[in-house]
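Hi,

Here is the structure I said I would pass on. Have a look at it first, and then read my notes on the helices below.

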Amino acid sequence: MKKVKLYTLSTCPWCKKAKAYFTKNNIPFEHVDYDLVSEERQEEIMDEINECGGTGEFPFAIIGKKSVCGYDPDEYDRLLGKKK
Amino acid sequence: MTVQDRKQSLRFLFGPVVDALGYKFSPDEELVDFCLEQEARLEEKHGIPFCPCQAITKNRAHDMTIVCPCIPFHRKHYDAMKRCWCGLYVHKDVTDPDRLKQIPASALEQKKSPQRRKERKEEKSPQRRRERGEKKG
């Protein structure tokens, strides 16, 4: 199973949907609410997101070595090998 | 003013603004209610009703582009999606917002210009930011 990391905002409804997707499908994932961590940690997270091609839009999922910006269950399925 | 009151005020305030931009509140009332409540809370905390689905940074120029309604700053991006990023607003002709997907701006740029996407990525790289003496954002 690919490692799943999910960056979210506590204020974002699509981030809640993304968390619900991984929970509902029993896919282990680690997640961080960007707006609830320290400024230093926020800078680290934004660097990582920028490196993956993101620009600060949430939710931002890193699945294995690929990333998905925005709530996209079809793309999550594809990257997790559930859909071809 | 309570968050509930402010939520109503924001709805009253934003309606005519987005109407002039060719947008309307999403028909998904639950989503609209949630987003407006988050914006009222963000305004309480930061003094500004930021988009609830985009990162607030310490870069003021960036942060000003995510003040709701942020449609004018992301016109091409949102027009391509027929919705704004958080989904609070949709194009006036949209009746089923569930059909609309979030498409990252970078994906649209990639379709149009791989070179521009590369340049934008470089502009936002930590190294370039440090060179410009900027704080991250």
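**Helix notes**

On H1(B), the residues that come out as buried are B:Val3, B:Lys7, B:Leu10, B:Phe14 and B:Val18. Keep in mind that this is a predicted model. The cover over those buried residues includes strand S1 (23-25), helix H2 (29-46) and strand S2 (89-91) of chain B.

As for the helix itself, H1 of chain B runs over residues 3-20, 18 residues in total, and spans 26 Å from first C-alpha to last, close to the 26 Å expected. There is a bend of about 30° at B:Phe14, with the proline B:Pro16 following within four residues. After H1(B) comes B:Gly22, which has a positive phi near 90°.

Now the packing. The axes of H1(B) and H2(B) lie 9 Å apart and make an angle of about 110°. That angle falls between 65 and 115 degrees, so the two helices count as roughly perpendicular. On the H1(B) side, the contact residues include B:Arg6, B:Lys7, B:Arg11 and B:Phe14, and they meet a set in H2(B) that includes B:Asp33, B:Leu36, B:Glu37 and B:Glu44. By type, the residues of this contact split into 10 charged, 6 nonpolar and 1 polar.

Over in chain A, helix H2 (residues 39-51) has 13 residues and reaches 18 Å between its end C-alphas, close to the 18 Å expected. Its buried residues are A:Gln42, A:Ile45, A:Met46, A:Asp47, A:Ile49 and A:Asn50. A:Gly53 follows H2(A), with a positive phi near 95°.

Cheers

Technical notes. Residues are numbered from 1 along each chain as its sequence is written. Chains are lettered from A and ligands numbered from 1 in the order in which they are written. This is a predicted model: local features need pLDDT of at least 70, side-chain atom pairs count only at pLDDT 80 or more; totals for chains, interfaces and linings use all residues. Side-chain values use heavy atoms; hydrogens and water are left out. The expected span of a helix is 1.5 Å times one less than its number of residues. The bend at a residue is the angle between axes fitted to the seven residues ending there and the seven starting there. Buried means under 20% relative accessible area, exposed over 50%, partly exposed in between (1.4 Å probe, protein chains only). Contact means heavy atoms within 4.5 Å. Axes are lines fitted to C-alpha atoms, for helices over the stretch in contact, and angles run from 0 to 180 degrees between N-to-C directions. Angles under 35 degrees count as roughly parallel, over 145 as roughly antiparallel, 65 to 115 as roughly perpendicular and the rest as oblique. Ala, Val, Leu, Ile, Met, Phe, Trp, Tyr, Cys and Pro count as nonpolar, Asp, Glu, Lys and Arg as charged, and the others, Gly among them, as polar.
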